[in-house]
Amino acid sequence: MILAQRTKSGRYYVGQSETILDCRAFRSLRGKIQLILTSPPFPLNEKKSYGNMTGDKYLEWFANLAPIFAEMLTGDGSILIEMGNGWEPQRPVQSLLPLKSLMSFVENERAGLRLIQQFVCYNPSRLPSPAQWVTVNRIRTVDSFTNIWWMAKSDFPKADNSKVLRPYSDSMIRLLDKKDFNSGKRPSGHDISSSAFLRDCGGSIAHNFFEVESMDSNRDVRLPDPFNAFSLSNTISNDFFARTCKERGIKKPHPARMQMGLAAFFIQYLTDRGDWVLDPFAGSNTTGYASARLGRKWLAIDAKEEYVEQSKIRFEDPALVNLKEPTNEYQQTAHSN
Ligand SMILES: C[S@@+](CC[C@H](N)C(=O)[O-])C[C@H]1O[C@@H](n2cnc3c(N)ncnc32)[C@H](O)[C@@H]1O
């Protein structure tokens, strides 16, 4: 295990997560991690550059991570795992591996986990994939979302949806102004009282569906997206990290970076300032950066040293270096739209 980066707010280790989390240095952190937020190597049917396992080998490896992760968590901590879809090699058939992986993880009896909620992150800018079946044969539609699985050891992990409010729509703002609401029974059977929607709660409650905004090179980057908790700015190709990698001639910035707004959303939603956030497959360290911006402590692990070097770039970002006081960005701006 190599400690490769240390900042005011966190530490980045190089090595295999399953080994590192079992080391003495990490044992003292058991039961102290409030959030594990990660996108593991996907269960692909063909190997990617960062060495994904395939098939049953992946399933066994992934299932065995569950008790290791669960042991790190506080009693009311959460595990968030982002995972995309997979396809059978040479066939227009979706793979069951991602679903089987989730099942084997959450059902590992040594972990005592349950699925709290599923989220979907839709990215309209995703390149058409699986290309053969979408663009050549034209028999499948574009695979354009990832799943985020939220798991915990308790039915009531720490969570507060008032910390990730969306700005009210124009019609809701008008309604709050007029204080006049069409109450009564709806075709769905819901009975809406005359006062149900008249209290200004600072914003509307987030849904379990995110949409990544289309890339627009003329628009300023917002990072993490402070204005709308679930329309996430697509900053991946235009943020400080991407620009600096380009300036420094880094040929291979991490190829599978998480959306910054997604990381920020869950950190804000499921942790408080000062809590520990761990990403055991941290790559370019989106999780660590978002944690630092939001005043959380972070721990990161990745098998590849080159990604730790890339993480260091994130921590040169003036938006972080000049940050005087971490702010509750979502709450602060829920009214400002
Ligand atoms: C999907 S990427 C994570 C990207 C990251 N969320 C980001 O925003 O940059 C998965 C990462 O897991 C790392 N990895 C694969 N197997 C690992 C293992 N056993 N232990 C630690 N890291 C591993 C890979 O090197 C890769 O960087």
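Strands, as the word is used here, are DSSP runs of E at least two residues long, numbered from the N terminus, and two of them pair if DSSP finds at least two bridges between them. The model on your screen is predicted.

With that in mind, select Y12, and then A300 in β12, which stands opposite Y12. Widening the selection to the whole of β2 (residues 10–14) and to β12 (297–302) shows two strands that run parallel and are joined by five bridges.

Next, keep β2 selected and add β1 (residues 2–6), which runs antiparallel to β2 and is joined to it by four bridges. One pair to pick out here is R6 with its bridge partner in β2, R11. The two strands, β1 and β2, form a hairpin, with three residues between them.

Return now to β12, since this strand also leads to the ligand: β12 and α1 (17–20) each supply at least two residues of the shell around the ligand. That shell holds 20 residues, and the closest of them, worth selecting by number, are M258, F281, G283, S284 and T286. Coloured by class, the shell divides into nine nonpolar, seven polar and four charged residues.

For the last stop, select helix α7 (residues 240–247) together with helix α10 (residues 305–314), which pack at an angle of about 115° with their axes 9 Å apart. Their crossing is right-handed. To see the contact itself, show the side chains of F241, T244 and C245 on α7 and of Q310, I313 and R314 on α10; by class, these comprise three nonpolar, two polar and one charged residues.

Methods: Residues are numbered from 1 along each chain as its sequence is written. This is a predicted model: local features need pLDDT of at least 70, side-chain atom pairs count only at pLDDT 80 or more; totals for chains, interfaces and linings use all residues. A residue is near a molecule or strand if its C-beta atom, placed from the backbone, lies within 6 Å of it. Ala, Val, Leu, Ile, Met, Phe, Trp, Tyr, Cys and Pro count as nonpolar, Asp, Glu, Lys and Arg as charged, and the others, Gly among them, as polar. Axes are lines fitted to C-alpha atoms, for helices over the stretch in contact, and angles run from 0 to 180 degrees between N-to-C directions. A crossing is left-handed if the near helix is turned anticlockwise from the far one by less than a right angle, and right-handed if clockwise. Two residues are in contact if their C-beta atoms, placed from the backbone, lie within 7 Å.
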